[in-house]
Structure formats: structure tokens, C-alpha cells
Amino acid sequence: METTMRKPRDFDAELKALEDKARELKTRKVQQLGELVIATGADALSAEELAGALIVLAETKEAGKREAWAKRGAAFFQGRSGRTAQATDRDADGTPARSDRPQPASGGTGAA
């Protein structure tokens, strides 16, 4: 009785395919983030303002604020929100905007 050997796997080719897929996913993620910035109107902010706002968002641990932001984001994706009067009449934390200070193009201050 003869024993047949199994064909060896080409680990190098599999690894390269996985690396290519990871690179493709990263490229798609970056593209989608850029599209989101444009769709929300945040492209009107300077890079410093946008980075600062994102840092504050990432550092915020307060569940209530994060939940409110998530609801607002979900509404945006469902087409019920976006650049509406509601978005420009409130600060990032959902409180009414003060009329004694200029409002940035995003409608929020970025501060928590």
C-alpha cells in the first residue's frame, strides 16, 4: 500500500494574501473616514480643530454624552439629521448654543 503525501501549503502566498487584504481594508477605512468628514461638514474645520475635537471625543468616558453622540450619529446615517438647524443650534454636548460667542462651522465647540 502506497501512502500519498498531501500537497504542502504555501504559507508565504497565504501570508501575502492576508497582508494585501489588510492593506485594502485599511485603505477603505481611511477613505470612508474622509467621506464622513466631508458628509458631516467637518471639512470646513482646520486640521487642528478637527484633531482637537476628535481627541476630546476619544477621551470622553461619560456614558451619557457618548450615548447622545451615538444617537445623533445614527440619526445622521438614517438621513434624519446632518447639517440641519438642530445641529447648528446646539453645542457638541447637546446644550443650546450661546449667542455671545461665535459658533464654528460644525455647530459644536468640541469641548466636553
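The following questions and answers go through a predicted model of one protein chain.

Biologist: Which elements make up the protein chain, and in what order do they run from the N terminus?
Modeller: The protein chain has four helices and zero strands. From the N terminus on, the order is therefore a run of helices as assigned by DSSP. That order reads α-α-α-α.

Biologist: What share of the residues of the protein chain counts as buried?
Modeller: A residue is counted as buried when its relative accessible area is under 20%. The protein chain has 112 residues, and the share that meets this cut-off is 12%.

Biologist: How much of the accessible surface belongs to carbon and sulfur atoms?
Modeller: The accessible surface of the protein chain comes to about 9200 Å². The part that belongs to carbon and sulfur atoms is 58%.

Biologist: Among contacts with a separation of 6 or more, what percentage joins residues 24 or more positions apart?
Modeller: A contact here needs heavy atoms within 4.5 Å. Of the contacts in the protein chain with a separation of 6 or more, the portion from residues 24 or more positions apart is 36%.

Biologist: What span is expected for helix H1, at 1.5 Å a residue?
Modeller: H1 covers residues 11-40 and has 30 residues. From its first C-alpha to its last it reaches 43 Å. This is close to the expected value, which is 44 Å.

Biologist: How far apart are the end C-alpha atoms of helix H3?
Modeller: Helix H3 takes in residues 63-77, which makes 15 residues. At 1.5 Å a residue these should span 21 Å. The distance between the end C-alpha atoms agrees, at 21 Å.

Biologist: Which residue with a positive phi comes just after H3?
Modeller: H1 is followed by Gly-41, whose phi is positive, near 85°. Just after H3 there is also a residue with a positive phi, of about 85°. That residue is Gly-79.

Biologist: Is the aromatic pair of Phe-76 and Phe-77 stacked or edge-to-face?
Modeller: The structure holds one aromatic pair. The ring centres of Phe-76 and Phe-77 are 5.4 Å apart, with the planes at 75°. Planes over 60 degrees apart meet the cut-off for edge-to-face. The pair is therefore edge-to-face.

Biologist: Is Phe-77 buried or exposed?
Modeller: Phe-76 has a relative accessibility of 21% and counts as partly exposed. For Phe-77 the value is 61%, and the cut-off for exposed is over 50%. Phe-77 therefore counts as exposed.

Biologist: What accessible area do Leu-33, Leu-36 and Phe-77 have together?
Modeller: Leu-36 lies in helix H1 and is partly exposed, with a relative accessible area of 32%. Leu-36 forms a nonpolar patch on the surface with Leu-33 and Phe-77. Their accessible area together is about 300 Å².

Biologist: How far apart are the closest N and O atoms of Glu-14 and Arg-9?
Modeller: A search of the whole structure finds five salt bridges, one of them between Glu-14 and Arg-9. Glu-14 is partly exposed at 33% relative accessibility, while Arg-9 is exposed at 54%. The closest N and O atoms of the two are separated by 2.6 Å.

Biologist: Which residue is linked with Asp-20 and Arg-23 in a network of salt bridges?
Modeller: Arg-23 and Asp-20 form a salt bridge, with the closest N and O atoms 2.8 Å apart. Both lie in helix H1, three residues apart, about one turn of the helix. Asp-20 is partly exposed at 33% relative accessibility. The residue linked with them in the network is Lys-16.

Biologist: What is the N to O distance in the salt bridge of Glu-24 and Arg-28?
Modeller: Glu-24 and Arg-28 are four residues apart in helix H1, so about one helical turn separates them. Glu-24 is partly exposed at 43% relative accessibility, and Arg-28 is partly exposed at 37%. Their side chains meet at an N to O distance of 3.3 Å.

Biologist: What C-alpha distance separates Val-37 and Leu-50?
Modeller: Val-37 lies in helix H1, and Leu-50 is placed in helix H2, residues 47-59. Leaving aside neighbours within four places in sequence, the contacts of Val-37 are Ala-42, Asp-43 and Leu-50, and those of Leu-50 are Val-37, Ala-42 and Leu-45. Val-37 and Leu-50 are 13 residues apart along the chain, and their C-alpha atoms are separated by 9.2 Å.

Terms used:
Residues numbered from 1 in each chain as written. Predicted model: local features only at pLDDT ≥ 70, side-chain atom pairs only at ≥ 80, totals over all residues. Heavy atoms only, no water. Helix = DSSP H or I, 4+ residues; strand = E, 2+ residues; numbered from the N terminus. Buried < 20%, exposed > 50% of the residue type's maximum accessible area, 1.4 Å probe, protein only. Areas by Shrake-Rupley, 256 points an atom, 1.4 Å probe, with all protein chains shown as cover. Phe/Tyr/Trp six-rings, centres within 6.5 Å; stacked < 30°, edge-to-face > 60°. Patch = residues over 30% accessible without salt bridge, like charges linked within 9 Å, V, L, I, M, F, W, Y side chains within 5 Å. Salt bridge = Lys/Arg side-chain N within 4 Å of Asp/Glu carboxyl O. Expected span 1.5 Å × (residues − 1).
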